[in-house]
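Visitor: Please take one part of this model and go through it closely, together with whatever surrounds it. I would like a connected account rather than a list.

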Amino acid sequence: MRRTNALRLLWPAALALALGACAGGNYRPVSDTPVRIGPAYTIRGTTYVPAAAPTYDAVGYASWYGSESGNRTANGEQFRPGWITAAHTTLPLPTYVEVTALDSGRRIIVRVNDRGPFARGRLIDLSRAAAEQLGMKAQGHAPVRIRRVEPSERDRERLRKGKAATPLPPLAGRELQRLRERLATEAR
């Protein structure tokens, strides 16, 4: 009698697990561990060397992507265009970065969980939702600053669940002008 009750209790859990595995697409759960740096790799003749880069701070151009919905990211997670995520060629997966749109000063925190962009002159590929938050979706690409950050656990949790992190005040004035000048100098 006890064995029958135990099986009756376990059966729904086993069925849910089996059905979940069929529909899940074999994706890795969204998690901040383990952090993966990965080996060097070559795409279209260019070799990329992933690195820890704790002080990463760069200016350049961002683009966005969204038609890959449901595909597997380089981190093994499911790509969801409505989440605030991004692709970067060399940062560890996952990594958190602050992205500042240099045309407007808007700033957001983004969770990097994929590799790319592999288009010349692009530093980061943003998800559709991240591009919308920065106000660059209609343009397709925009000048940005990307800076590695360590957000609060609350913001990490929000981003792992597909929500936006705590809004950041826009950058303005002298600091924004300095970043625009840096872009002009480094783009030469």
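Guide: What follows is a look at strand β6 and its surroundings in this predicted model.

Some context on the chain helps to place the strand. The protein chain has 188 residues, of which 41% count as buried. It contains 4 helices and 8 strands, and their order along the sequence is α-β-β-β-β-β-β-β-α-β-α-α. Among contacts in the protein chain with a separation of 6 or more, 76% are between residues 24 or more positions apart.

β6 spans residues 107-114. All of its residues are buried, 8 of the 8, so the strand is largely enclosed by the rest of the structure. The account below takes the strand's pairing partners, then the helix that packs against it, then the cavity and the loops around it.

β6 pairs with β5 and with β4. With β5 (95-101) the pairing is antiparallel and runs over 6 bridges. V99 stands opposite I108 in this pair. β5 and β6 form a hairpin with 5 residues between them, and in that turn G105 has a positive phi of about 85 degrees. With β4, residues 85-88, the sense is parallel and there are 3 bridges. Here A87 stands opposite D114 of β6.

β4 in turn leads to β7. These two strands run antiparallel and are joined by 3 bridges, with H88 opposite I124 of β7. β7 covers residues 124-127 and is buried on both faces, with I124 and L126 on one side and D125 and S127 on the other. In a regular strand, side chains alternate between the two faces of the sheet. β7 also pairs with β3 (residues 57-65), in the parallel sense and over 4 bridges; the bridge partner of Y65 is S127.

Helix α3 comes next. Its residues are 153-160, and D155, R156, L159 and R160 are buried. Viewed down the axis of α3, these buried residues fall within an arc of 135 degrees, so they line one face of the helix. The general background is that an α-helix has 3.6 residues a turn, so residues three or four places apart point the same way. The cover over the buried residues of α3 includes β5 and β6. After the helix comes G162, with a positive phi near 90 degrees.

β6 and α3 also meet at a cavity. The structure holds 1 cavity of 30 Å³ or more, and about 50 Å³ of space lies in the largest cavity. β6 and α3 are the elements that give two or more residues to its lining. The lining consists of V30, E77, Q78, R80, W83, T85, R111, N113, L159 and R160. By class, this makes 3 nonpolar, 3 polar and 4 charged residues. L159 and R160 of this lining are also among the buried residues of α3.

N113 has a further neighbour in A74, which sits in the loop between β3 and β4. The C-alpha atoms of A74 and N113 are separated by 6.7 Å, although the two residues are 39 apart along the chain. Leaving aside residues up to four places away in sequence, A74 touches L93, N113, D114 and R115. A74 itself is partly exposed, at a relative accessible area of 43%.

A74, L93 and R115 also belong to the lining of the largest pocket, together with R36, I37, G38, P39, Y41, I43, P50, N75 and F118. This pocket has a volume of about 150 Å³. Its lining residues divide into 8 nonpolar, 2 polar and 2 charged.

The chain leaves β6 through a loop to β7, and P117 lies in that loop. The peptide bond from G116 to P117 is cis, with omega near -10 degrees. Another cis peptide bond runs from T33 to P34, with omega near -5 degrees; P34 is in the loop between α1 and β1.

To return to the strand itself, β6 has all 8 of its 8 residues buried, pairs with β5 in the antiparallel sense and with β4 in the parallel sense, and contributes to the lining of the largest cavity along with α3.

Conventions:
Residues numbered from 1 in each chain as written. Predicted model: local features only at pLDDT ≥ 70, side-chain atom pairs only at ≥ 80, totals over all residues. Heavy atoms only, no water. Buried < 20%, exposed > 50% of the residue type's maximum accessible area, 1.4 Å probe, protein only. Arc of directions from axis to C-beta. Contact = heavy atoms within 4.5 Å. Pairing = 2+ DSSP bridges. 1 Å grid on protein atoms, 1.4 Å probe; cavity = no way out; pocket = protein on both sides within 12 Å on 5 of 7 lines; lining within 4 Å. Points joined across faces, edges and corners; volume = space filled by probe spheres on them. Nonpolar A, V, L, I, M, F, W, Y, C, P; charged D, E, K, R; others polar.
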